[in-house]
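Please read these notes alongside the coordinates. They are numbered for ease of reply.

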Amino acid sequence: MKKTLLFEIGLEEVPAKYVRNSSVQLKERLITFLKEKRIEHGDVSSFATPRRLAVMVKEVSDKQKDIIEKSKGPARKIAVDTDGNWTKAAIGFARGQGLSPDDLSFEEIKGIDYLHANKEIKGSETTHILRELPTVIKAMTFPVSMHWGNHTFKYIRPIHWIVALLGEEVIPFELLDVQSGRSSQGHRFLGNEVRIESAEDYVESLEEQFVLVDMDQRKI
């Protein structure tokens, strides 16, 4: 079943001139992450205020796409002896692929037959893969950055909260002593803490606490 992914990074106030570019970067890096992890998805939207960068991804697949991994082994003259039996080279290649020699096949490359293994790799559950989302945060770069507390890690501003939801489920991970969850923050003066029950509720939940997360909407 496909679900919506919400990923929000809560920060100390970011200078306004850096907000939009940082938001675009987070969106692009998350799209790249999902592509590299073979997780299919639908539309991607970015949101931001000076105190948050967020991305919402629609129709996220519940597991990675299965793939066939092809590996090239020794040439036929090395893989098969004069009696037609598998050699140690062929047996070792098969063992390294987690297969038996009889699971292998020969394919011709530039007139020479080479042993090949076609191994099916089943995709992992998306909820497991998304625990690697801190790599997206760590990969971001900024014109200015700072570190805080006893951390050597630098970011545009200190991170105070992280929201990571796939549908209604929290994606658990920890970064710099900050545990991911479903709690965000409303307007600094008018709002309160926001508990986001489902990724789909994000925009409306923040609006109830006087925050417009759509940058273009705030211009109107």
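1. Where is F210 found? F210 sits in the loop between α6 (202-207) and α7 (215-219); helices (H or I, at least four residues) and strands (E, at least two) are DSSP runs, numbered from the N terminus.

2. On the basis of the notes: this is a predicted model, in which local features need pLDDT of at least 70 and side-chain atom pairs count only at pLDDT 80 or more, while totals for chains, interfaces and linings use all residues. Residues are numbered from 1 along each chain as its sequence is written, and side-chain values use heavy atoms, with hydrogens and water left out.

3. The largest nonpolar core (buried Ala, Val, Leu, Ile, Met, Phe, Trp, Tyr and Cys residues joined through side-chain atoms within 4.5 Å; buried means under 20% relative accessible area, 1.4 Å probe, protein chains only) has 39 residues. F7, L30, L133, I137, Y155 and I159 have the most contacts inside this core. At least two of its residues come from each of β1 (3-11), α1 (16-36), β2 (44-49), β3 (52-60), α5 (134-139) and β7 (159-166). The most, six residues, come from α1.

4. Leaving aside residues up to four places away in sequence, F7 touches (heavy atoms within 4.5 Å) a set that includes L26, L30, L133, I137 and F173.

5. Another core, of 14 residues, lies apart from the largest one; L6, F47, V211 and V213 are among its members.

6. Two residues other than glycine have positive phi: E59, in strand β3, at about 50°, and L176, in the loop between β9 (174-175) and β10 (178-181), near 50°.

Methods
Buried means under 20% relative accessible area, exposed over 50%, partly exposed in between (1.4 Å probe, protein chains only).
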